[in-house]
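Reader: I should like to examine the terms applied to this model and the criteria behind them. Please show the structure before we begin.

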Protein chains: 2
Amino acid sequence: MEQITIREVAKACGVGVSTVSRAINDHPNISEEKKQRILQKIAELGYVPNNSARNLKRTEGRNIAVLVKGMTNPFFNDMIKVMEADIIDHGYSMVLQHVDPSEDEADVALGLTKEKRLCGIIFLGGIATRTGEKLANIKVPYVVSTVGAPLRKVREKDYSSVSVDDEVEGHKATKFLTDKGRRRIAIFAGAANDTSVGMLRLKGYKRALSEAGIAFDEALVRYLPDEDPEYSYENGYLAAKRLIADGTEFDAIFAVADVMAVGAMRALYEKNISIPHDCSVMGFDGIELSEYCTPSLTTVVQPIKTMASETTGLLFDVLEGDGEHRHLVFEGKIKEREST
Amino acid sequence: MEQITIREVAKACGVGVSTVSRAINDHPNISEEKKQRILQKIAELGYVPNNSARNLKRTEGRNIAVLVKGMTNPFFNDMIKVMEADIIDHGYSMVLQHVDPSEDEADVALGLTKEKRLCGIIFLGGIATRTGEKLANIKVPYVVSTVGAPLRKVREKDYSSVSVDDEVEGHKATKFLTDKGRRRIAIFAGAANDTSVGMLRLKGYKRALSEAGIAFDEALVRYLPDEDPEYSYENGYLAAKRLIADGTEFDAIFAVADVMAVGAMRALYEKNISIPHDCSVMGFDGIELSEYCTPSLTTVVQPIKTMASETTGLLFDVLEGDGEHRHLVFEGKIKEREST
């Protein structure tokens, strides 16, 4: 599995992946000199281009759709960049479409498969369980990525998935805080009707509290507002402002997305609540900003790049090989920084 | 021009724009109830769907490509979301492709036009002037968005553009700092060979210094590293660390992108340099984070949403109407916050 990827070739050559792809496929839009330089580097590194990319001419129909729920979350940006490179590597184009919180991604997917010649679909985030029956109508292979809960009413062998175990990771994050002696841990969860990652992380939070002998207090659970159920700076900021205004006692905040944690830290700062002295803050995701914000953010780091490349890998296994659908679960790691 | 947009209809109905589009186009993948509810709201609000969207069936070839240079910059994310909604509104699909810093976007565009049936292209960021001759080979209409410099070797009537005047805005940002009495203003610019927005903002910086009677000092100009010429938290952080390590005296930093300003503030914090007391920090763009970071960031706010919808508007004027190519320049506004 120590294979050289097209991204590594591109990096070594100082060009983009699509340029490497053009060199391999003898595309007209590349200078002879650049092509030779890239082919030289490919030989040096021992990169083996994907068979399908060499043997199949890219045609109009070779599209992979990526449906993203949660556009405002930078967590998905890094994943999309990796997936796009893989998709180009395999000789396909990426059609990106955002799905609004109120939309059912299965509807969007069905619309796309009818309107365009799609070969496969990647669902990134979202996937409410209400979509189960509709997903059965999707006739191209699909992978569900970073969605913790298994799909209801869809057989495991009919789709692939990549995720962390969100209940376990939510437990890990909360236990980290209880181990530090925090007893009044507020959680900024997903929407109240969330049946996906937000709900699972909340479940892990409850289990960790129970193990630490701390009574669960509903007043410490803050859901996303119904009218704007997105993980965002603003929603983290507003939730923290309300928590402070309520007079609810708290000594830690666990936000189930880094962006909400950053927004929460801003609200604490404005009220002169010292982090981590008066209140510890824990995020979830491991976005780049968690390292650069002030204070820097302790968070559960998901292996973003690996999860992204496994997502496309699973899709191409089914699409191009005789691979079967599989379900991969990765482990998050707590990165301790200044906020706790 | 006070027309209701599809986004406003979607918001009023609590659904996504593609759902509204399905209701209008009598698409099968929408429940009768939801369709009626949306059509009712359309009548109420007086929304007039775009003619082309009603009269033309969406076919495989109706793609608009958006080529983004600078994936790590959240500034583009908000623009993409607005543009995507407009593109769907007009009955097209959006093909998003990222362009690596080392790639020539004209090459990427030419590749796409040959491989897929594209109707139009939006270039977001980037566009080195070296691409001039190649752009002449692009046979579909295109709009160049948020690129300050006019394209060389392309006639004005052959493309549209949307931007701010980056020289004027760079001057404005710098003048704001000199008016506050800052004399040793470091600038975190684009790449050293940048001929686009980075270079123009630097030019504005020089003019403002000169007007304030401050001698230009090359030691205060920090360019992006050649090996990773992207506006990013990391590059802002590293530039500030080096500036501090150098022993170069400075009392302000003007970063030509908000993400770099946020990274710079982190480096100042780590060295106990007080913001704004010891060093003022000014950003550029007006990304959402500028409001939520600590300290909050003074920045030149570009009218992100307006610029995005004008970008697609110009494209559709040419594509669907008998509109001519036009060049729109918007004004940035300084938003003063805690960092200055």
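Reader: Which residue does Val143(B) stand opposite in strand 5 of chain B?

Author: Val143(B) stands opposite Ser160(B). The model is predicted, so local features require pLDDT of at least 70 and side-chain atom pairs pLDDT 80 or more, while totals for chains, interfaces and linings use all residues. Residues are numbered from 1 along each chain as its sequence is written, and chains are lettered from A and ligands numbered from 1 in the order in which they are written.

Reader: What makes strand 4 and strand 5 of chain B a pair?

Author: Strands are DSSP runs of E with at least two residues, helices runs of H or I with at least four, both numbered from the N terminus. Two strands pair if DSSP finds at least two bridges between them. Strand 4 (residues 142-145) and strand 5 (residues 160-164) of chain B have 3 bridges, in the parallel sense, and therefore qualify under the rule of at least two bridges.

Reader: Why are strand 2 and strand 11 of chain B said to stand at the edges?

Author: The open sheet of chain B has 6 strands in the order 2-1-3-4-5-11, with parallel pairing. Strand 2 (93-99) and strand 11 (327-330) each have a single partner strand, so one side of each lacks a neighbour in the sheet. The twist from one strand to the next averages 15 degrees.

Reader: How do you know that helix 5 of chain B packs on the sheet, and what angle does its direction make with that of strand 1 of chain B?

Author: Contact requires C-beta atoms, placed from the backbone, within 7 Å. Helix 5 (residues 74-89) touches strand 1 (63-69), strand 2 and strand 3 (118-124) of chain B, and its direction makes about 175 degrees with that of strand 1. Axes are lines fitted to C-alpha atoms, for helices over the stretch in contact, and angles run from 0 to 180 degrees between N-to-C directions.

Reader: How do you know that the two copies are related as by a two-fold rotation axis?

Author: Superposition is by least squares on C-alpha atoms of residues with pLDDT of at least 70 in both copies. A turn of 180 degrees with a shift of 0.0 Å along the axis lays chain A on chain B with an RMSD of 0.0 Å. The copies are therefore related as by a two-fold rotation axis. Within chain A, Val95(A) comes closest to this axis, its C-alpha at 2.4 Å.

Reader: How many residues does each chain give to the contact?

Author: Chain A gives 43 residues and chain B 44. Strand 2 of chain A supplies the largest share of the side of chain A that touches chain B, 6 residues.

Technical notes. Contact = placed C-beta atoms within 7 Å.
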